[in-house]
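Welcome! Take a moment to look over the sequence and turn the 3D picture around before you read on.

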Amino acid sequence: MTDEPAAPVVNHHADHPGFSGVLGILCALVFAVTGRRSGRLAVELTGVTADDHVVDVGCGPGTAAREATRRGARATGVEPSASMLRVGRMFARRSGVTLREGGAEALPLPDASATAVWALATVHHWPDVGAGLAEAHRVLAPGGRLLAVERQVSPDATGFASHGWTAAQAQAFAQLCRTAGFTEVAVDSERLGRREVWAVSAFRP
Ligand SMILES: C[S@@+](CC[C@H](N)C(=O)[O-])C[C@H]1O[C@@H](n2cnc3c(N)ncnc32)[C@H](O)[C@@H]1O
């Protein structure tokens with residue numbers, strides 16, 4: 001019998017207490033600024049046009065989703081934190097982004113209703129990545145695009161510096177995407193400001 005090395009865990013911050021109260025509001029305000037750049041990257045990598053309905057899972061205050069509406073797309077942000085949604089709703093009215101309370105594991109959207117699903121800096125928090133990918137597959141129409149972005153972290157990182165993926169974790173997530181039925185799964189290194197991030201992209205056949 002051979003011992004296969006265990007696949008790296010991709011949701012190593014699933015036990016994070018969540019973003020609530022005043023700290024949650026402060027984090028939401030930070031993400032409201034930092035999310036613009038990742039939104040622009042997501043728009044570029046998924047080639048968003050006015051024909052799209054983008055679902056941004058774990059959208060925080062919805063900053064990236066607003067970038068999709070700037071391209072004329074319809075955008076829905078799904079987010080479990082009430083603090084994030086509270087800040088997001090201050091901006092959402094003008095942008096037309098729809099914000100829905102919920103988690104990756106049970107998306108509050110009908111089958112085949114999205115053309116792109118984004119998960120930006122959030123998969124490492126999901127309690128059940130398999131369930132989240134099954135939901136992404138369910139809400140995407142055939143031909144729809146999935147994009148997950150996580151910042152690149154070193155294997156020995158701890159604390160805040162570990163919120164992201166090593167190369168092995170990005171590859172492990174890609175394998176989970178294939179198992180969930182996604183095709184043309186690719187792992188790329190992309191620049192986001194001064195940082196490098198992993199971008200895992202895939203198609204729903
Ligand atoms: C680091 S923030 C990133 C927010 C936003 N995507 C951005 O790039 O600015 C991670 C987000 O994932 C959300 N999150 C945590 N667990 C989640 C889950 N199970 N499903 C969906 N989102 C979740 C958090 O509430 C938080 O808003």
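How far is a nitrogen atom of the ligand from an N or O atom in the side chain of E105? The distance is 3.2 Å. Keep in mind that this is a predicted model. The points below begin with the ligand, then go on to the sheet, its strand pairs and an aromatic pair.

**Around the ligand**
- In total, 18 residues surround the ligand, and those that come nearest are G58, E79, A104, L120 and T122.
- G58 makes its approach through the backbone: one of its backbone N or O atoms lies 2.8 Å from a nitrogen atom of the ligand.
- E79 uses its side chain instead, with a polar atom there lying 2.6 Å from an oxygen atom of the ligand.
- On its own the ligand would expose 600 Å², and the protein buries 89% of that.

**The sheet as a whole**
- Try tracing the open sheet across its 7 strands, which follow the order β3-β2-β1-β4-β5-β7-β6 with mixed pairing.
- At the edges you will find β3 (98–101) and β6 (183–192), each of which pairs on one side only.
- From one strand to the next, the twist averages 20 degrees.
- Helix α2 (residues 63–70) packs on this sheet and touches β1, β2 (74–79) and β4.
- The direction of helix α2 makes about 145 degrees with that of β4.
- As a general point, side chains in a regular strand alternate between the two faces of the sheet.

**A parallel pair**
- Strand β1 (residues 53–57) runs parallel to strand β4 (residues 114–120), and 4 bridges link the two.
- To find your place in this pair, look for V55, which stands opposite V117 in β4.

**Antiparallel pairs and a hairpin**
- Strand β5 (residues 140–151) and strand β7 (residues 195–203) run antiparallel and are joined by 7 bridges.
- Here R151 stands opposite V197 in β7.
- β7 also pairs with β6, again antiparallel, through 8 bridges.
- In that pairing, R191 is found opposite E196 in β7.
- β6 and β7 make a hairpin that has 2 residues between the strands.
- One residue to spot in the turn is G193, whose phi is positive at about 65 degrees.

**Aromatic rings**
- The count of aromatic pairs comes to 2.
- One of them brings together F19 and F31 in an edge-to-face arrangement, at 5.7 Å centre to centre and with 75 degrees between the planes.
- F19 sits in the segment before α1 (21–46) while F31 belongs to helix α1, so this pair ties together parts that are 12 residues apart in sequence.

Key
Residues numbered from 1 in each chain as written. Predicted model: local features only at pLDDT ≥ 70, side-chain atom pairs only at ≥ 80, totals over all residues. Heavy atoms only, no water. Pairing = 2+ DSSP bridges. Axes fitted to C-alpha atoms, helices over the stretch in contact; angles between N-to-C directions. Contact = heavy atoms within 4.5 Å. Near = heavy atom within 4 Å. Polar contact = N/O pair within 3.5 Å; in protein donor to acceptor, adjacent residues only side chain to side chain. Areas by Shrake-Rupley, 256 points an atom, 1.4 Å probe, with all protein chains shown as cover. Phe/Tyr/Trp six-rings, centres within 6.5 Å; stacked < 30°, edge-to-face > 60°.
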